[in-house]
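Here is a friendly tour of a structure you may want to have open beside you. Please take a look at it first, and then read on.

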Amino acid sequence: MDLNLDWGVLLQESPTGDGPYWQLLWTGAKWTVATALTGWALALLVGSIVGVMRTLPYKPLAWLGDAYVEVVRNIPLLVQLFFWFFVWPELLPREIGLWYKQDMPYPEFITAALALGWFTAARVAEQVKSGILSLPRGQKNAALALGFTLPQTYRLVVLPQAFRIVIPPLTSEFMNIFKNSAAALAIGLTELTFQMKQMVEYSNEVIVSIAAVTTIYMVMAFAVNRGMAWLERKSRIPGMIGGGR
Amino acid sequence: MIDLQLVLDNRELLTEGMLYSLQLTAFATLGGIVLGCLLALARLSAFKPLSLLSAAYVNLFRSVPLVLVIFWFYFLIPYFGFQIGPDKSVFITFTLFEAAYFSEIIRAGIQSISRGQLAAAYALGLTYPQTMRYVILPQALRNMLPVMLTQTVVLFQDTSLVTIIGIKDFMGSTSVVASNNGAMTEMYTFAAIAYFCVCFPISMLLKRLHKRIAVIR
């Protein structure tokens with residue numbers, strides 16, 4: 001079988017008007033990274049709050065945190081993306097909803113980042129909760145016995161340790177948000193997989209397009225992996241088995 | 001919020017979609033476990049090239065998005081001259097993709113069995129296939145059952161992604177009804193609630209199973 005690979009196609013002008021094909025992919029990679037990082041910031045913030053909520057001794061708050069996690073984890077990401085894109089603007093007050101649908105800049109990007117953020121937050125919350133629960137009970141009790149208030153106990157004793165414990169499991173969530181961002185092509189975000197689809201359809205170079213995009217994803221995964229391994233080494237808690245696990 | 005009349009009017013399309021999603025889930029789970037088992041055994045094999053090959057396969061599939069893999073096969077299968085249509089080819093896609101994840105679960109399960117079991121089986125004169133079949137895998141399977149079932153729920157949710165290449169799975173048929181009737185809000189809310197109603201009870205049951213089948217050592 002003759003494959004006829006033409007790697008030069010990457011330098012050819014694409015008919016989309018975005019410059020040559022390599023630039024098409026480069027734009028896609030930038031959107032993928034931008035969406036993943038924005039979503040991750042939201043996920044860390046919301047996930048930490050929800051994770052802490054679930055360990056608090058106030059039943060309603062803990063229940064609310066649990067409910068959030070269960071709802072998000074039992075609905076597919078694609079459905080959530082469609083929810084934020086099509087349903088959410090209808091639930092907002094009329095004027096804001098109209099603005100969201102018509103005038104908001106980069107609607108696909110913002111919606112995708114929001115959806116991925118809320119989606120990943122549930123997973124982060126799960127890790128933060130188990131990180132907090134994995135600490136010896138004595139830590140919290142000792143802090144309370146010393147007269148710290150509950151907020152002080154969390155801020156000064158529990159969380160600084162818990163956050164260092166959850167870094168290894170968070171690595172895989174961080175990796176997942178990059179991969180999950182590909183689903184956003186369903187709402188029209190021009191991320192990497194979307195650009196691959198365009199390149200295949202316009203240039204007919206199936207193998208070259210697939211190979212190029214797959215390589216970019218693997219480089220991203222590798223970079224995330226190395227970055228998090230570095231962070232993991234820096235944040236080990238001395239005296240714990242495996243330096244922090 | 002939900003237009004029940006619209007859902008009832010299109011119940012055949014939606015039921016067919018749900019059946020397709022369930023079939024895809026069942027096929028990919030079974031295929032993925034079989035292939036994953038082979039991959040895990042290859043990974044743990046003492047024969048280096050085999051183990052490296054399996055590791056390469058697993059790492060490749062685990063570092064790229066499922067959506068990308070769906071497109072790989074969507075473009076590659078017709079490119080190599082097989083005209084089987086996307087609604088059949090995703091069965092291959094999902095099996096190959098899930099095999100990578102199942103193999104990691106199975107590998108962890110096998111590695112959770114103490115070395116003494118292996119040594120004892122060999123000392124009793126069992127061959128490698130016998131050791132795996134009668135001693136290691138039955139125990140490993142019990143340990144990894146909850147994680148595997150959780151992975152199946154994740155897989156069921158992931159099958160919704162085939163909507164992207166125009167397949168009428170449950171999500172796909174919901175989309176069709178939504179755009180034909182201009183009822184995005186109602187139908188997507190319905191889809192979210194329907195998926196939740198399927199996945200939530202199973203997740204709850206799995207949580208209880210997880211507690212009951214704790215890792216035995």
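The notes below go through the contact between the chains, the salt bridges, the cysteines and two single residues.

This is a predicted model. Chain B and chain A bury about 3100 Å² between them, and 1 salt bridge is counted across that contact. Over all chains the salt bridges come to 6, while the search for disulfides finds 0.

**The contact between chain B and chain A**

- The size of an interface is often given as the accessible area lost when the parts come together.
- Here that area is about 3100 Å², and carbon and sulfur atoms give 79% of it.
- On the chain B side, the residues that lose the most area to chain A are Phe75(B), Tyr79(B) and Gln157(B), which together make up 19% of what that side buries.
- Counted by residues, chain B brings 35 to the contact and chain A brings 33.
- There are 6 residue pairs in polar contact between chain B and chain A, with both partners at pLDDT 80 or more.
- Four helices of chain B each supply at least two residues of the side that touches chain A: helix 3 (48–63), helix 4 (66–79), helix 8 (170–181) and helix 9 (184–212).
- Which helix of chain B gives the most to that side? Helix 9 does, with 13 residues.
- Sorted by class, the side of chain B that touches chain A holds 25 nonpolar, 8 polar and 2 charged residues.

**The salt bridge between the chains**

- Side chains of opposite charge can pair when their charged atoms come close.
- Lys207(B) and Glu70(A) form a salt bridge, and their closest N and O atoms are 2.7 Å apart.
- Lys207(B) sits in helix 9 of chain B and Glu70(A) in helix 2 of chain A, so this pair joins two chains.
- Are the two partners buried or exposed? Lys207(B) counts as partly exposed because its relative accessibility is 37%, whereas Glu70(A), at 11%, counts as buried.

**Salt bridges within chain A**

- Arg54(A) and Asp66(A) meet through their side chains in a salt bridge, at 2.6 Å from N to O.
- The two residues are 12 apart and link distant parts of the chain: Arg54(A) is in the loop between helix 1 (21–53) and helix 2 (59–73) of chain A, and Asp66(A) is in helix 2 of chain A.
- Arg54(A) has a relative accessible area of 9%, so this residue is buried; Asp66(A), with 30%, is partly exposed.
- This pair also belongs to a network of salt bridges, in which Arg54(A), Asp66(A) and Glu126(A) are linked.
- Another salt bridge brings together the side chains of Lys101(A) and Glu90(A), at 2.9 Å from N to O.
- Lys101(A) is in helix 4 (residues 94–102) of chain A and Glu90(A) in helix 3 (residues 77–91) of chain A, 11 residues apart, and this pair too links distant parts of the chain.
- Both partners are partly exposed: Lys101(A) has a relative accessible area of 46%, and Glu90(A) has 41%.

**Cysteines**

- A search of the whole structure finds 0 disulfides over all chains.
- Where is the nearest cysteine sulfur to that of Cys197(B)? The sulfur in question is that of Cys199(B), 9.6 Å away, and Cys197(B) is in no disulfide.
- Cys199(B) is likewise in no disulfide, its nearest cysteine sulfur being that of Cys197(B).
- Cys199(B) counts as buried because its relative accessibility is 1%.

**Two single residues**

- Ser45(B) lies in the loop between helix 2 (11–44) and helix 3 of chain B.
- With a relative accessible area of 21%, Ser45(B) is partly exposed.
- Leaving aside neighbours within four places in sequence, Ser45(B) is in contact with Leu50(B) and Ser51(B).
- Ser45(B) and Leu8(B) are 37 residues apart along the chain, and their C-alpha atoms are separated by 54 Å.
- Ala67(A) has its place in helix 2 of chain A, and this residue is partly exposed, with a relative accessible area of 24%.
- From C-alpha to C-alpha, Ala67(A) and Val79(A) are 18 Å apart in space, and they are 12 residues apart in sequence.

Technical notes. Residues numbered from 1 in each chain as written. Chains lettered and ligands numbered in written order. Predicted model: local features only at pLDDT ≥ 70, side-chain atom pairs only at ≥ 80, totals over all residues. Heavy atoms only, no water. Contact = heavy atoms within 4.5 Å. Buried area = accessible area lost by both parts, 1.4 Å probe. Salt bridge = Lys/Arg side-chain N within 4 Å of Asp/Glu carboxyl O. Polar contact = N/O pair within 3.5 Å; in protein donor to acceptor, adjacent residues only side chain to side chain. Nonpolar A, V, L, I, M, F, W, Y, C, P; charged D, E, K, R; others polar. Disulfide = S-S within 2.5 Å. Buried < 20%, exposed > 50% of the residue type's maximum accessible area, 1.4 Å probe, protein only.
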